[in-house]
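Here's a friendly walk through one protein model. Have a look at the sequence and the structure below, then read on.

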Amino acid sequence: MKTAKVFFSLFCLSQVFFAAEAAEPPRKIRMAFTSLSGSMAPPWVAREVGIFGKYGLEVEVIATPSGVEGMNALIAGEVQFLQIAGGTTVSAAVGGADVMIVATTIGTFVQNLVVRPEIETAEQLKGKALGISRFGTSIDTGARVALRHFGLVPEKDVAIVQIGSIESIVAALLGNRVQAGILSYPSIGRAKKLGHRVLLDIAALGIPYASTGITTTGKLIREQPDLVRRYVTAQLEAIARMKNDKPYAMAVTGKYLRLSDPELLAETYDIYVQKYLMKAPLPNLNAVRAVLDELAPRNPEAQNEDPKRFFNDSFVRELESSGFIERLYR
């Protein structure tokens, strides 16, 4: 009882502080999302509905072609936050970058292995090429997971080819530059409408993995924790708005994806928002350990790392313990 009262008091104080901050000029910051995918939608909604402004933030939302470019922008100080795969964050941190996961919004691979119409079995992929965005991204990891699932050796049995954006993978499939690709929604639906087939729903494997979430720098966490807290709080409120308001979430997603097809938007919403988007996006020890296990064959330094070094769950945990997240869904 005493602990609950303390957390509630902290929550009330934080709301008073947020209200005071909102009376001052908003803090201008920049964030980047790292793929044209429905998994990136929480900051879009937070910006469009004015939730960032509610917490005293004016957020410029920037698109980058992949997590690699996004991570470079964060390390260079060009943005303060990323919506990005945990794998890209952990890989950069193992390499010495001062970056850290503060929330995991999606905790598994929500990707499909999509193949050209003439490919009917995994065995037919031998000697063929599989398209990904960039090496070191969650799309790259998904490719390796999918191939190993079928007993195929990545880069030996099947070539892995960097294409660029997710949409570029669809075009490469259509032009037969690659015979398979790892796609996310709504690109999966687009590819199916073009006659390509899904060979594997990677999400159905149920692998814990820090797939998508919020990353920032360790320096920002240490020096400006309140800024991180406000940013994370706004995204959690945006997640609740998305789950509670399907038409609005679809409208915002369509705007950022430049997509008007109601069928593809509904599929994207149902998969990402209702099925996989976490109400309490706590970074998960097992999900980060899975990232390290996947990195280890290519980067031996990852093998002996402690997963706890790569995430800070205090911001989401504080909001959960205070009852803030629960109140969003009443």
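What follows is a short tour of ring pairs, helix packing, a buried helix and a few unusual backbone spots.

First, the ground rules. This is a predicted model, so local features need pLDDT of at least 70 and side-chain atom pairs count only at pLDDT 80 or more, while totals for chains, interfaces and linings use all residues. Residues are numbered from 1 along each chain as its sequence is written, and side-chain values use heavy atoms, with hydrogens and water left out.

**Rings that pair up**

A pair of aromatic rings is described by the distance of the centres and the angle of the planes. Here, rings of Phe, Tyr and Trp (its six-membered ring) pair if their centres lie within 6.5 Å; planes under 30 degrees apart count as stacked, over 60 as edge-to-face and the rest as tilted. How many aromatic pairs does the structure hold? There are seven.

Take F33 and Y256: their ring centres are 6.4 Å apart and the planes sit at 75°, so this pair is edge-to-face. F33 belongs to strand 1 (residues 27-33) and Y256 to helix 11 (residues 246-257), so the pair ties together parts that are 223 residues apart in sequence. Helices (H or I, at least four residues) and strands (E, at least two) are DSSP runs, numbered from the N terminus. F33 and Y256 are both buried; buried means under 20% relative accessible area, exposed over 50%, and partly exposed in between (1.4 Å probe, protein chains only). Add W44 to F33 and Y256, and you have one aromatic cluster.

Now for F52 and Y231, with ring centres 5.3 Å apart and planes at 20°, so they are stacked. F52 is in helix 3 (residues 51-54) and Y231 in helix 10 (residues 225-244), so parts 179 residues apart in sequence are tied together by this pair. F52 counts as buried at 2% relative accessibility, and Y231 is buried too, at 0%.

Rings also have charged company. A charge sits over a ring if NZ of Lys or CZ of Arg is within 6 Å of the ring centre and within 35 degrees of the ring normal. R241 lies over the face of Y248, 4.3 Å from the ring centre, and K279 lies over the face of Y329 at 4.4 Å.

**Helices that cross**

Two packed helices are described by the angle between their axes and the distance between the axes. Axes are lines fitted to C-alpha atoms, for helices over the stretch in contact, and angles run from 0 to 180 degrees between N-to-C directions. Here are two such pairs.

| Helices | Angle | Axis distance |
|---|---|---|
| Helix 11 and helix 12 | about 110° | 10 Å |
| Helix 10 and helix 14 | about 60° | 9 Å |

Angles under 35 degrees count as roughly parallel, over 145 as roughly antiparallel, 65 to 115 as roughly perpendicular and the rest as oblique. Helix 11 and helix 12 are therefore roughly perpendicular, whereas helix 10 and helix 14 are oblique to each other.

Who touches whom? Contact means heavy atoms within 4.5 Å. In helix 11, residues including A249, M250 and T253 meet a set in helix 12 that includes L265, A266 and Y269. From helix 10, V228, V232 and L236 are among the residues that meet F315, V316, E318 and L319 in helix 14.

**A wrapped-up helix**

Helix 5 (residues 86-94) has eight of its nine residues buried, so it is largely enclosed by the rest of the structure. Its buried residues pack against several elements, among them helix 4 (67-75), strand 4 (99-106), helix 6 and helix 13 (285-295). Right after helix 5 comes G96, with a positive phi near 110°.

Helix 6 (residues 138-149) is home to R144, which counts as buried at 7% relative accessibility. Beyond its neighbours within four places in sequence, R144 is in contact with F135, P154, E155, I160, E294 and R298.

**Backbone oddities**

Most residues other than glycine have a negative phi, and most peptide bonds are trans. The bond from Y185 to P186 is cis, with omega near 10°, and P186 lies in the loop between strand 8 (180-183) and helix 8 (187-193).

N176 has a positive phi, near 65°. N176 sits in the loop between helix 7 (166-174) and strand 8 and is partly exposed, at 38% relative accessible area. R258 also has a positive phi, near 55°. R258 is in the loop between helix 11 and helix 12 (262-276), and at 79% relative accessibility R258 counts as exposed.
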